[in-house]
Structures are given as C-alpha cells and as structure tokens.
Amino acid sequence: MNRLQYEKSPYLLQHQSNPVDWYAWGEAAFAKAREKQMPIFLSIGYSTCHWCHVMEHESFENPAIAALLNEHFVSIKVDREERPDIDQIYMTYVQATTGSGGWPMTVFLTPALTPFFGGTYFPPEDRWGKPGFSTLLRRIAEAWRVDRPRIEAHGEETLTMLRAYAATPGSEENAPAFTDETLRFAVGQIAHQYEPEEGGFSNAPKFPRPVTLHFLLRMHARAPHTAEGEQARDMTLFTLRKMADGGLYDHLGGGFHRYSVDRFWHIPHFEKMLYDQGQLASIYLDAFQRTRDPFYANVARGTLDYILRDMTSPEGAFYSAEDADSLVANGSGEKSEGAFYVWTQAEIEALLPAEDAALFCRAYGVEPMGNAPEGSDPHQEFVGKNTLIRRFTDEELAAALHQPVEEITASLSRSRAVLLEARSARHRPHLDDKIITAWNGLTLSALARAAQVLGEPRYAQAAERAATFLHDHLRTPSGELLRSYREGASAIPGFASDYAFLVQGLLDLYEATGAIRWLQWAVELQETQERLFAAPDGGYFSTTGADPSVLVRMREDYDGAEPAPASVAALNTLRLGQLLHDPRWTARGEATLRAFSTQIVKMPAAAPQLLTAVEQSLGRPHQLVIAGNPVDAEPILREIHADFLPHKALLFADGGAGQRWLGERIPALNAMQPIHGEPALYLCRDFTCKAPVTTPEAVRALLRDEL
C-alpha cells in the first residue's frame, strides 16, 4: 500500500490503491532518493483531469510498469491545485524543453530535485511515434546507471536556466510611460488573434479567456465612440454570445465547461472548474451592465446558481471542480467523457410531450444521428449523441412557427426543467471537493458583483457566508492564509494567488455590502502579501521562499485561465489607493506595472489583466460615498450599478464603526452625513466632492454628467 492513503487531496487519494510505491511531495521522498541515489519520477495532475485518469489506468495500475517504477525510481505524486508552486517550476521546464505542456505532467528529477527530462502524457507502450512509458522508464534507468554525473550536471544547468528565467520579468529602470497608445496597441494585437466567424482568439481548441474580454469591455467604456472602442465591444459581445449559445455552456444546469475542442464552441471538454465559473459570471455581468441585454444577465445568473446548487459545501465555501468523465448508463462500470451531459434524440422524445420535444430539438440542435461536428469526436464517443447548443433564439422560433414568443419561452422552460430533473438521476461526474482559497476569492467577486448588478441580495449573502468560512478556517493563528481545505485545513501556506484573488473578492464584497470588516481584512491581507511576496523591483513572487524544496521563486507574467497574481495585485493596490486615498498603495500598484513593463509593451495580449490595471492607472478615479444606512440607500445604489463604471470606488459613511474607521484615514469622510435624514450620495475626486444628492433622478443625472 502506498502512502497516499494518508493525504487529503482527492487527486492523491485516487492513486492510493495503485501498485506504484507513491510518495507525496516531501522530505520522506527526498531522503530516500538521496540515500539510495535514485532518480525521482514526478507525476503532476489534478483529480478532474481526463488524461490523468487515462495514464493512471494504462500505466499506474499496470503491475509491470509499477514494478519498473518501484525498482528504479522514487515516485512522487503532486496535486497541481494544492501545489501550484511545484507545478509552475516544472511546467516551465517542460514547456521550455518540449515546446508544450499540460497534464498529466511527467518529469524526472535528480535527488537534488533538478529536472533532467520531462513531458506530459505517455502511452504505456510505443505508440503514435512516441516512446511508451515502459520504454521511457527503462531508458532513463539505464542512462542514470551509466551516465549519472552528466545527468546531474545537466540538472544543475537547468536550475541555472530556471533561475535566470525567474529573474527577468522586467525592471523599473527605463520603463516606458504607459499611455492611451499602449492600450490601443494592445487592442490591435488582440484583434489580430480574433476569430471573427465564431468568436474567441484561436481556432481549435478554444478556451474562454475572461481576462481578455474584461479588458476589451473596459476599453469600450473608456472610448465608446472610437474605432478601437467599438472593435473591443464587438469582439467581446460576439464571443460571449457564441460561448453561451454553444455546448461550452450547460443549457440545463448552468455553468461553463473547460474549453471547446472545435472552433464552433460546440463540443466541450466537459470538466467544470470553479475558477472559470467565477470569472465568466463576472464578465457576463459586465456585458449586461454595458448593454442592458437580459441575455447576459441570464447567463451570469445561471452560472452562479450552478455554483450555489452543485459546488457549495455545507459550510458555504465553494468546491474546486467537476470531472469531464462519468459512468455510462449501460451498467458496464465504464466511464465516458460527457456521459452526464449528452442526449440521444430518443431520450428527449421519451421525456417530453411530442410538441415540446420537437420544439426543444429544433431550438437546441438535436439530431437523430447526433450533432458532433466533423473532426470534433476523434474517439467516437458522441456517435448518435447530442451536446445541447442553442441554434435559434425564442424570437426566431416564434417568427418561424408563427407562435407568440411567450409560448415558445414557456415551452422551452418546461422542457429544460424536465430534462434537468431526468439528468439529475444519472451518475454525476466526480466532484473535487477541495476548497481552494484563491478560487473562492474569484467566486466572491462574481457573487458580490451579481448582488449589485442584478439587485439580488441572496448572492451577497452567499458571498459573505463563504468569506466567513475562509476567515475562520483558512488562516493560521498569525493571520496568514492557507491554501486549501478538505476534511480540515491543509498545512500548505497560501500562495500569492490566494492573497491576490481573495483581496479582490473582499474589495468587491465590501462595495456590495458596506460591511467594513471585509475592507479591513482586505487591507490586512494586502499588507501580508507585501511582506511575504513583494519582489525588490516592484513585482511579486508567486511563493514565499520559505520552502527549501521549492528551488526557484517564480514570477508569473502571463494571464491565462487564471490571471497572474501580480496582475491582480496591481489592480488591487490601485483600488486600495483610490478607496483609502492612500498614495502608498497607488505607488505600489504603479511600481508593479513598471516591473512588468517589458511584457506590457511588447506582448500585451499575453497580459490582459495587467492591461486592465494599466487602464485603471490612466483613468479618472472617483469616489462615490454613500452617507447613511446602505439598506436604506438601495434606490441610490441601484442607479450606481445600472452602468459599467470601472473607475468608481464605492464607500459607505454609515454613521457607525465603518465611518469611524474610514474617517481615521480619510478625514473628509467624517463630515459626510445624510441630508434631512435621507441617504445621500457624495461624488468625489481625490475627496474633493460635489454637492450631495438624495434622489435616484439626481443620482442618475450626476453620474451621467460626471462619469
């Protein structure tokens, strides 16, 4: 029995019965490698990773391959979601040496933990022009036996390369000044990658990249009547519609799958990740504010309701992911990708009245032989099956069928409810029930903004419940964050992403509720992030440097599926400077932008979250101060949240503890009071304020004239 049975990670526990003599990352494994002078086989993945499951079944459950591993290697399993620091170092190596990366990640290390060979998935035997895993193990074991000094020297050279890479994000010295031209150039570079026929910024596979869309929508808000602004708007809204109409979006249960394997957003890779849900819900809320089109609000609401229904722990925090694979219904015990989500036409017709079934199949692209586009099903998993995609809107169907649109809408709503109930009886995909601090922070942001934009307090209540859990269970006695929770908090310290994403969520939660405790905690966490992660040049490291097994303190400068923590921290500190009228925080945000200036200027499309912070730094920030009880000020707040105003900072002079705390930092706030007992809005720039207004009509006029 290997040692993974004692771990909490669902991914590690999935491997606890393998015949491989697995270790978790830690000194026990390192000591054995040093003592026996054996190379380390490092396997990194996560519990909802499809190809991780494939490699486990083909290789790690194979007694012959396990015997090779046990004889010649010290085998270590790492959950990349628990240890993104380890994953980042070795993924950088794999990408640099092979030109690509992914999971499962396969890396061979010296006992000093330096990598000397790496890749991703390997089949068990020679296949597709690649050596099989068993062949690879034999070759590496023999090379280690006959040529160990050269391999160890190569490992040291690799470590030097990684350290040099980590030291080159940029420098404040000679950093160019950021201007509107910086932003326009970025829009042009992003537009060059845009796929105009189906939306998105690649052909296939297509990943949702909400950080890019958020920056583009900001650019439209900044310059709505310019060519760049209109182009930014059109790329964003078209992509958002295509994603939500396609199979990437779960039309029955809400929420988004990981990515589309084809260029049409039709057949997804079916896993659902929490970090996607929070970010995508936020950008659909932005689009709703910008357009007032209920389509975008409904997608955001469906996504957040999916989180609250299927991804929320009994204590109120949010789970990490749902798998792509699930058991098929034939009783064979086999799993198949998307089995929980796809339908045959016959299944739908058996569940719905004939007229409703015909309408539903027409609306959602259901076909008798299945609807997978050519080339999107290489393993023939979806023959005769349908991934639901929205082919026609309610209005288009009403016009084609000469029926009132209300009847079309009612019929499709009934059908979705019936099919969702029927689907709930299927075998659900595996749930990764880890609670990750960083991803919960992203979800807090979405819920807090939904409470504001949609005017639904239940979202703020859910966000506050989750934030309370994080505060009570994912902090050390000294107030530092922990990375994750499952059957108790892990012992893994929080990373820069945990701090940055949670600070962002807390700032949004303060603006949604007016509860000063969330702003106070955000300030405390930002100060801790400065102490633990700040780099001398103004940027941020991803790790603290306290763990000697982490050979390199990496810094991320790429905003991908998750934004880089330094990018989020740059915007957080700029917001704190604006909220608290504190030039120290503003200077900190600007220093971070200068530290990454080379990336911003030369390859801005790779750093859209940094671009958002640049746009913030070039904007005209305003403080909107609500004087009075936030609950009584709801009509005023409704006007404030009716439009997308990214440069606003919302504060509450509540007459109580919140106003006293803020007043110690911003003396002008002490004098802001309700007018004749009515809540009032003070619109300020650098806390030089306009005369207060108290009615929704006056608020609307003031915002229109000033913002």
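Mentor: Let's start with a yardstick: buried means under 20% relative accessible area, exposed means over 50%, and partly exposed lies in between, using a 1.4 Å probe and protein chains only. Keep in mind that this is a predicted model, where local features need pLDDT of at least 70, side-chain atom pairs count only at pLDDT 80 or more, and totals for chains, interfaces and linings use all residues. Residues are numbered from 1 along each chain as its sequence is written, and side-chain values use heavy atoms, leaving out hydrogens and water.

Trainee: Okay, so why is glutamate 487 called exposed?

Mentor: Its relative accessible area is 65%, and exposed means over 50%, so the word fits.

Trainee: And what makes arginine 486 count as buried?

Mentor: Arginine 486 comes in at 16%. The limit for buried is under 20%, so arginine 486 qualifies.

Trainee: Why is the contact between glutamate 487 and arginine 486 called a salt bridge?

Mentor: A salt bridge needs a side-chain nitrogen of Lys or Arg within 4 Å of a carboxyl oxygen of Asp or Glu. Here the closest N and O atoms are 3.9 Å apart, so the pair makes it.

Trainee: How do you know that glutamate 615 and arginine 222 form one too?

Mentor: Their N to O distance is 2.9 Å, and the rule says within 4 Å, so yes, that's a salt bridge.

Trainee: Is glutamate 615 buried or exposed?

Mentor: Buried, because its relative accessible area is 0%. Arginine 222, at 26%, is partly exposed.

Trainee: How many salt bridges does the structure hold?

Mentor: There are 53.
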